[in-house]
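Subject: Structure for your review

Dear colleague,

Please find below the structure that I am handing over to you. I would be grateful if you would keep it open while you read the notes that come after it.

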Amino acid sequence: MQKITLLLLLSICMGQAAMAQAERDTADARYKTAIAMMEDGKPAAAIPLLEEAIRLNPDEWAYYYEIAYSKYMQQDYNGAVEMLKKLIRRKDINSRVYQLLGNAYDLSGKRDKALDAYEKGLKVFPEAGNLYLERGVMEVNVKDYTKAMGYFEKGIEVDPMFPSNYYWASKIFLSTQEEVWGMIYGEIFLNLERGSKRTDEISRQLYLTYKGEIQFKDDTSVSVSFCKQNSMAVSPDGKLQLPFGVAVYEPLLLMSLTGEKIISLPALNRIRTRFVENYQTMPLAKSNPVVLFDYEQQVKEAGYLEEYNYWILAEGDEKQFEEWRSEHKKEWEEFITWFKKNPLKITQENKFYRGKY
């Protein structure tokens with residue numbers, strides 16, 4: 001009798017577990033369908049599905065978040081805020097909840113509350129690149145670019161694979177006299193976020209910056225101007241050092257301009273190829289390497305540096321790029337296949353940000 005009772009209890013427990021799992025699976029299916037509807041521009045139609053998902057599995061915070069996001073998409077910012085204010089009390093959420101809360105406050109005209117949401121989020125998620133992004137954008141909106149840059153670069157430091165902070169840092173620096181940082185941040189951004197309107201914008205800007213800051217004065221004289229900061233600094237080991245742009249980037253670029261007379265895509269391919277080769281001869285390549293330059297070396301060793309260089313700067317001269325690509329179809333296709341399998345990888349150990357150099 002005792003064995004029968006134990007078997008019965010075990011059978012009941014297993015049945016309950018199976019039922020609970022089935023409900024979670026159904027809830028997840030509703031959730032995925034709702035997400036597809038929202039992506040298709042139907043946020044209102046997604047809400048009943050999300051509510052059904054919550055009924056089946058009330059412990060999953062993502063379902064509540066997506067309802068808030070659907071309200072946000074419908075410009076019901078107050079409705080989104082009310083749901084998100086409840087969500088931030090939970091310990092199992094991620095930084096997107098604070099990001100959306102801040103966005104909803106911002107778009108409803110409550111800047112102070114938006115700032116407070118982002119700051120509170122950063123206390124809970126101090127390595128959240130998306131929250132540093134939002135704080136930086138808030139400063140861009142009031143044209144405090146110095147303060148904005150502080151947030152973008154901190155976001156790069158703590159979350160080096162998050163692309164948007166590189167995007168904004170590049171845009172700001174490329175509009176100053178310290179373009180060197182914009183050039184590197186911009187190229188890293190292109191690698192991390194491929195095929196968007198923003199990548200087209202940065203590709204074009206990198207090309208135009210090369211064209212504007214490299215000047216061929218005559219047959220024997222050329223100048224580069226990517227860095228105006230000439231003051232020396234003290235390194236962590238107590239040694240005096242010149243800024244990265246003056247000590248590394250501009251000298252390497254000058255060395256790489258030998259034999260060139262104009263700036264064009266073919267010329268920049270040759271210049272950038274020499275740049276990679278010259279960088280490998282510098283002590284910096286081993287003592288304090290630049291992850292982007294090391295990746296360019298990896299691309300070179302794979303045999304695709306020309307294709308990569310044309311890809312990076314394609315939007316600078318679309319006609320010239322298309323002519324080149326039509327003549328190199330096989331090489332281009334092979335490069336794209338390799339490129340997809342071998343992306344730039346940035347870790348806490350090899351990350352690049354201005355404060356490191």
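The notes below cover salt bridges first and then one of the helices.

Please bear in mind that this is a predicted model. Side chains of opposite charge can pair when their charged atoms come close. In this structure, 22 such salt bridges are present.

I begin with the pair formed by E260 and R270, whose closest N and O atoms are 2.8 Å apart. This salt bridge links distant parts of the chain, the two residues being 10 residues apart. E260 sits in the loop between α12 (244-256) and α13 (265-279), while R270 belongs to helix α13. Are these two residues buried or exposed? E260 has a relative accessible area of 7%, and because buried means under 20%, E260 counts as buried. R270, at 39% relative accessibility, is partly exposed.

Two further salt bridges involve helix α17, which spans residues 318-327. In one of them, the side chains of E323 and K319 meet at 2.6 Å, N to O. Both residues lie in α17, four residues apart, which is about one turn of the helix. K319 has a relative accessible area of 61% and is therefore exposed, the cut-off being over 50%. E323, with 38% relative accessibility, counts as partly exposed.

The other pair in this helix is E322 and R325, joined by a salt bridge of 2.9 Å, N to O. These residues are three residues apart in α17, so about one helical turn separates them. E322 is partly exposed at a relative accessible area of 38%, and R325 is likewise partly exposed, at 27%.

Salt bridges can also join into a group: R111, E119, R135 and E139 are linked in a network of them.

Finally, I would draw your attention to helix α16, which covers residues 305-312. Why is this helix described as largely enclosed by the rest of the structure? The reason is that seven of its eight residues are buried. The buried residues are L305, E307, Y308, N309, Y310, W311 and I312. They pack against several other helices, namely α10 (179-192), α11 (197-213), α13, α15 (291-302), α17 and α18 (329-341). Two of these names have appeared above: α13 holds R270, and α17 holds E323 and K319.

With kind regards,

A colleague

Terms used: Residues are numbered from 1 along each chain as its sequence is written. This is a predicted model: local features need pLDDT of at least 70, side-chain atom pairs count only at pLDDT 80 or more; totals for chains, interfaces and linings use all residues. Side-chain values use heavy atoms; hydrogens and water are left out. A salt bridge is a side-chain nitrogen of Lys or Arg within 4 Å of a carboxyl oxygen of Asp or Glu. Buried means under 20% relative accessible area, exposed over 50%, partly exposed in between (1.4 Å probe, protein chains only). Contact means heavy atoms within 4.5 Å.
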